[in-house]
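Subject: Structure for you to look through

Dear colleague,

I am handing over a structure that I would like you to look through, with the sequence beside it. Please open it first, and then read my notes underneath with the model in view.

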Amino acid sequence: MTTLQANCPACGAEINFKTGSSVVVVCEYCSSAIARTDRALEDLGRVAEIVESGSPLDVGARGVYRGTAFELTGRAQLAHAAGGMWDEWYAAFADGRWGWLAEAQGRFYLTYRAPASVSPPAFNELRLGQPVRGIPVGVPLMVAERGEARTLGAQGEIPYKFVPDETYSYADLSGEGGVFATIDYSEQPPLVFVGREVALAELGLITPEHRRERAARRVAATQLQCPRCAGPLDLRAPDRTERVTCPNCGSLLDVNQGRLSFLKSLRQDGAQPFFPLGTVAEFEGRKLTLIGFMVRSVEFDKRYYWEEYLLYEPAIGFRWLVQSDRHWSYVRAVPLGEVAEMDKKATYGGERFKIYQDAVARVEHVAGEFYWKVSLGELVRAIDYVHAPKILTKEVSGIVAAGGQKAATPQAEEINWSLGTYVPRAEMERIFGVKNLPAPTVVAPNQPFAHKKIYKYWLLLFFITLLVGMLTLVTGSRRRVFEQTYTFDPAPPAQAQTLPGQTTTTAPQSALDFNEDPRVVFTEPFELDGRQNIRVEGRANVDNNWLYVEGDLINEETGLVQSFGLPLEYYSGVEDGESWSEGDREETSYISALPAGRYTMRLEAQWEKWNKAEPPQLTVRIQQGAPRLLNLLLALVALSVIPFFVAIKHFNFERRRWADSSFNPYETSEGSSDEE
């Protein structure tokens, strides 16, 4: 790098342009912005002193990004039209490029100047959420913010003509994969910068030790006095705070580079946070400090209130805790370009969210510090999308005025998306080291159903049981232990003419008489194994008649008797030119396992409408180890009993979740939305 030494035209002190392509250097002695031109050095005016912050960056820090080394040569601080401030760091890369590293609310965006051929839309043509074409970044870009910026302070070397206290318009664009772009309307044609959101770890920064120590000292709380009551108050994020409330007199104070000015006295309505300001809690593996407390509300049939707690940690910026109806959610910002919104649904991170509410939210109470110029009565349009345990919220600021109407001439318009994750009450008590937080009495929009995991286990067991059952049905042993065919005399004695369910008029007088009954047969003995079910199959030559068989399995050693029945019937014919049939010539009866032993089977048959030309003929087969489909079905039903009742409870839980939604899917007619 080429170093140019010169004297400051404002104070005469020596100044150095260490980077050959830098345009402005800030004099370390008089804080004047000195630009070099083709003819001479130009004094652009004195810049405001840089507000010390807890930023992990500093001028002189070196790093490597995607294989190219760079050095942070300068820094500028800019004011947001709606309040707040952000830093821009300027990185001189070894390949000759300049990078703009913007730092806002703990997030970092590295961009580079786009070619001059890129032609963006005019500022007044841009609308929030509108796609912007013509910027070659490979993904669609949408307008996330449009507003005005004012230059404040600066230090080091800057690659453009930095004019103190200059105001210009800008628009921030967001795309998928962290892609980010800014359109700078300070020049004509506008300048376009494209890049992406980066994590500090990606930059490989090496900061000198003395600067790291100084940065650590910056994050300590700064103690000031309230200009109204002279009471002491601590700024826990002095570099980021724009508004703070005095804990002694309740005044709302404006913070301007560490100086306080009185704005108004706030009505003390008794709203008190669950956790005092200054409390430290651990989220995401980091210790965050509770610095702000806010109450907001929406109005439908009546006004509904909830609480928001602002958490701060210099390395990751700001996070929120939201308490509504005694339910808690941990909230972080997400890029606009990562969210797809369509037809009352939103998609983020591969998950689909359903719209829950669309309303105008109003600030009712504030306490502590905030990173924007918050005011009582401040309005934003808030749209909530739900996918438990997460809630995705879109807030549109700068376009809503009192009464929910569109603001006439907003100075800044912005879309902010945030993702809230449900935190159970027990987890909140553990994180904050407290006990007995109030228990919720209603279902929260993003509250997860406590027993949802049972479905996963049920499906797993269901398919395992089904698989084992089907394998058993296919591969069962089906050992045949007996098979015999019997032919009955179709002209039995009088008592044989009884129908099923009737009793005989004459009973056999002796075993000999019984055995001579042509309706009754006794089989040859056969062996049955224990612990195996028994399948008895019967087949008969029934044709427009019936044959009913009552059977007994008799253990020859113990006298144990197990009965079963085989009703066989088959009818067919033609009616109105169409053939029909009913019944079956085969029947099966299952018997539970019997003790092992030697068995005889007794068969007693009854029939009607038979003749000697075709006597009733019965084939009986006995199998053991034959699997039964009914047993599998009963097992699957038994497995499903508990999940069935859990599903009923889950259904009622979902009805309660959506009870207060303007888009309740359980209502017969869709509730009206509050879209503006």
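What follows is an account of what was found, taken topic by topic. Please keep in mind throughout that this is a predicted model.

I begin with the first two strands. Strand E1, which covers residues 4-7, runs antiparallel to E2, and four bridges join the two. Within this pairing, Asn7 stands opposite Glu14 of E2. The two strands form a hairpin with six residues between them, and in the turn Gly12 has a positive phi of about 85°. It is worth following the side chains along E2 (residues 14-17), since they alternate: Ile15 and Phe17 point to one face and are buried, whereas Glu14 and Asn16 point to the other face and are not buried.

Next come the aromatic rings, of which a search of the whole structure finds 31 pairs. In one of them, the ring centres of Tyr309 and Trp328 are 5.6 Å apart and the planes stand at 40°, so this pair is tilted. Because Tyr309 belongs to strand E23 (residues 303-313) and Trp328 to strand E25 (residues 327-334), the pair ties together parts that are 19 residues apart in sequence. Both Tyr309 and Trp328 are buried. A second pair, Phe488 with Trp607, is also tilted, because its ring centres are 5.7 Å apart and its planes lie at 40°. Here Phe488 is found in the loop between strand E32 (479-487) and helix H5 (511-516), while Trp607 is in strand E40 (residues 597-607), so the pair ties together parts that are 119 residues apart in sequence. Phe488 and Trp607 are both buried. Ring pairs also link several residues into a cluster, made of Phe274, Phe275, Phe283, Phe293, Tyr309, Trp328, Tyr330 and Phe432.

Rings also meet charges in this model. The charged end of Arg146 sits over the ring of Phe123, at 4.3 Å from its centre, and Arg97 lies over the face of Phe93, 5.3 Å from the ring centre.

Turning to pairs of charges, side chains of opposite charge can pair when their charged atoms come close. The count of salt bridges comes to 34. One of them is between the side chains of Arg107 and Glu197, at 3.3 Å from N to O. This pair links distant parts of the chain, since Arg107 is in strand E10 (residues 107-113) and Glu197 is in strand E15 (residues 191-198), 90 residues apart. Another joins Arg362 to Glu364, with the closest N and O atoms 2.7 Å apart. Is each partner in that pair buried or partly exposed? Arg362 has a relative accessible area of 28% and is therefore partly exposed, whereas Glu364, at 16%, counts as buried because the limit for that word is under 20%.

Arg598 and Glu556 form a further salt bridge, their closest N and O atoms being 3.4 Å apart. Arg598 lies in strand E40 and Glu556 in the loop between strand E36 (545-555) and strand E37 (561-575), so that distant parts of the chain, 42 residues apart, are linked. Salt bridges with shared partners also join Arg480, Glu483, Arg535, Glu537 and Arg621 into one network.

Lastly, there is a nonpolar surface patch of about 590 Å², made by Val637, Val641, Ile642, Phe644, Phe645 and Ile648. Of these, Val641 is in helix H6 (residues 629-657), and with 39% relative accessibility Val641 counts as partly exposed.

With best wishes

Methods:
Residues are numbered from 1 along each chain as its sequence is written. This is a predicted model: local features need pLDDT of at least 70, side-chain atom pairs count only at pLDDT 80 or more; totals for chains, interfaces and linings use all residues. Side-chain values use heavy atoms; hydrogens and water are left out. Buried means under 20% relative accessible area, exposed over 50%, partly exposed in between (1.4 Å probe, protein chains only). Two strands pair if DSSP finds at least two bridges between them. Patches are made of residues with over 30% relative accessible area and no salt bridge: like charges are joined within 9 Å, nonpolar side chains (Val, Leu, Ile, Met, Phe, Trp, Tyr) within 5 Å. Accessible areas come from the Shrake-Rupley method with a 1.4 Å probe; for residues, only the protein chains shown count as cover. A salt bridge is a side-chain nitrogen of Lys or Arg within 4 Å of a carboxyl oxygen of Asp or Glu. Rings of Phe, Tyr and Trp (its six-membered ring) pair if their centres lie within 6.5 Å; planes under 30 degrees apart count as stacked, over 60 as edge-to-face and the rest as tilted. A charge sits over a ring if NZ of Lys or CZ of Arg is within 6 Å of the ring centre and within 35 degrees of the ring normal.
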